[in-house]
Structure formats: structure tokens, C-alpha cells
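User: I am new to reading protein structures. Please take one part of this chain and go through it closely, then place it in the whole.

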Amino acid sequence: MARMHERRLPWWPKWLFSLWILCWAPTYVVLLGPQNFLWLCNLANFLILVALWTESRRLMSMQLLAVLLVGTLWAVDVGTALVTGWHPIGGTEYMFDPDHPAVTRALSLYHLILPIVASLSVWRLGFDRRAILWQTGLTWLIVPLSYAITDPERNINWVHGPFGQPQESLDPLVYLVGLMVAWPLAVYLPVQLLMICLQRWRSIS
């Protein structure tokens, strides 16, 4: 029991993150509409909130897979574009588009915060190695749903083309299946392997 109590998350990040959701979610609904919440990175906000309050190791581990690499690449792309005007990866051009409300662009900086919150929480709670299976299942639910019910021009979760750009080289459904395969392999698996290595290092030390 003492070990379980030691690994509990403190109260202050739970309340701070709850306050963040109370500010962020209504603003996004008004300015971008509810479809925007189907982005996997936006959905992660809500799932991290649940994981914080329930102290669910599995759910927090899933969201670490979802946000760590994506958030890092997002930061690299925005940072490089800020300094040089060039987007080495792409997909963050909206951050410099004056047609996008300044408020939503500012709130999008959560991409820098979620990896930190998820990483520190997993450090306290531990990493669930089954997270990749659960997160892949969630992705395979959300990606086809995004294709089926969202506006194509919004290209949510890049279901109509990579890096926010429409593609015409492949049949749309062939591309969609390829995206569903690529997402866990390219985004989740590297983080999964990193966490397993860190888990082993931590157990040895």
C-alpha cells in the first residue's frame, strides 16, 4: 500500500490540467467546431485529463505514444519555421497563417506541453507495454471515423493526404489503409521501444 501511495500523482497537475481543458475546449468549439476534436492530438487532451484523475497507467502510456514523437516533430517544424521561414516537416503552416485566429494558434502550443505532462506522469505511474496495442486500436477507430464524418478540406488526421496536403497518387481507400498501418509503425513503435529501453535501464539502476 505504501508503494501505491508513493506513486500517486500530485493534485496540482490534475487541477491545472482541468483548468486548461475548461479554457481550451470551449474556445476550440467556438472557433474551429467539434470536428476538430477528432484530431488524435486534440483527443489526447481529454484522455490525458482522464488518465491524470484516474491515475491510469495504461491510458497515460497510450497518450505518451500519441504525443511524444508528434509533439517533438511539431516543435521542430514550428521552431525551424520561426527562425528560417522553412518547414522541414510540414503540417504546422497554420501557425503562421494570419487567416487562422491568433487565439487558436496560441492554444495550439499545447503540443509542447502534452509530451511533458504525459512523460512525467508515466515516470511516476510506470509504462504499460500493452499501450501500443490499445492506442493502435483507438487509432484504427478514429482514423476511419475522421474520413467518414469530417469535411475533406480539413484533412483531419491527414486522412486525405500527408502533412496536411491532399494526395491524388493513390486510391483514397488504399491511402487510408496505408495511413492506418503507418501510424502505429512510424509514430507509436519508436516511442514504445524507447520506453521499454528506459524501463530496463530504470530497473537496473
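**Helix α8, up close**

Analyst: In this predicted model, helix α8 has a kink of about 40° at Y188, and the proline P190 follows shortly after the kink.

Start with the length. Helix α8 runs over residues 172-204, which is 33 residues. At 1.5 Å a residue, a helix of that many residues should span 48 Å, and the end C-alpha atoms of α8 are 48 Å apart, so the expected and the computed span agree.

Next, the start of the helix. There, a side-chain oxygen of D171 comes to within 3.0 Å of the backbone nitrogen of L173.

Then, burial. The buried residues of α8 are Y175, L176, L179, M180, W183, P184, V187, Y188, V191, Q192, M195 and I196. Y188, where the kink lies, is thus one of the buried residues. What covers these buried residues includes four other helices: α3 (40-54), α4 (57-84), α6 (110-125) and α7 (131-149).

One of those covering helices, α6, holds a residue that deserves a short detour. S121 is found in α6. Is S121 buried or exposed? S121 is buried, because its relative accessible area is 5%, and the cut-off for buried is under 20%. A polar atom of the S121 side chain lies 2.8 Å from the backbone oxygen of V117. Setting aside neighbours within four places in sequence, S121 is in contact with L9, L52 and M60. Of these contacts, L52 has a number that falls within α3 (40-54), and M60 has one within α4 (57-84).

Now the whole chain. The protein chain has eight helices and zero strands, and the pattern along the sequence reads α-α-α-α-α-α-α-α. With 205 residues, a compact globule would have a radius of gyration near 17 Å; the chain has 18 Å, so the value agrees with that of a compact globule. Taken along the principal axes, the C-alpha atoms fill a box of roughly 55 × 35 × 35 Å.

Burial and contacts can be stated for the chain as well. Of the 205 residues, 43% are buried. Among contacts between residues at least 6 apart in sequence, 69% join residues at least 24 apart. As for the surface, the chain exposes about 11,400 Å², with carbon and sulfur atoms supplying 72% of that area.

Terms used: Residues numbered from 1 in each chain as written. Predicted model: local features only at pLDDT ≥ 70, side-chain atom pairs only at ≥ 80, totals over all residues. Heavy atoms only, no water. Helix = DSSP H or I, 4+ residues; strand = E, 2+ residues; numbered from the N terminus. Expected span 1.5 Å × (residues − 1). Bend = angle between axes of the 7 residues up to and from the residue. Buried < 20%, exposed > 50% of the residue type's maximum accessible area, 1.4 Å probe, protein only. Contact = heavy atoms within 4.5 Å. Polar contact = N/O pair within 3.5 Å; in protein donor to acceptor, adjacent residues only side chain to side chain. Rg over C-alpha atoms; globule rule 2.2 N^0.38 Å. Areas by Shrake-Rupley, 256 points an atom, 1.4 Å probe, with all protein chains shown as cover.
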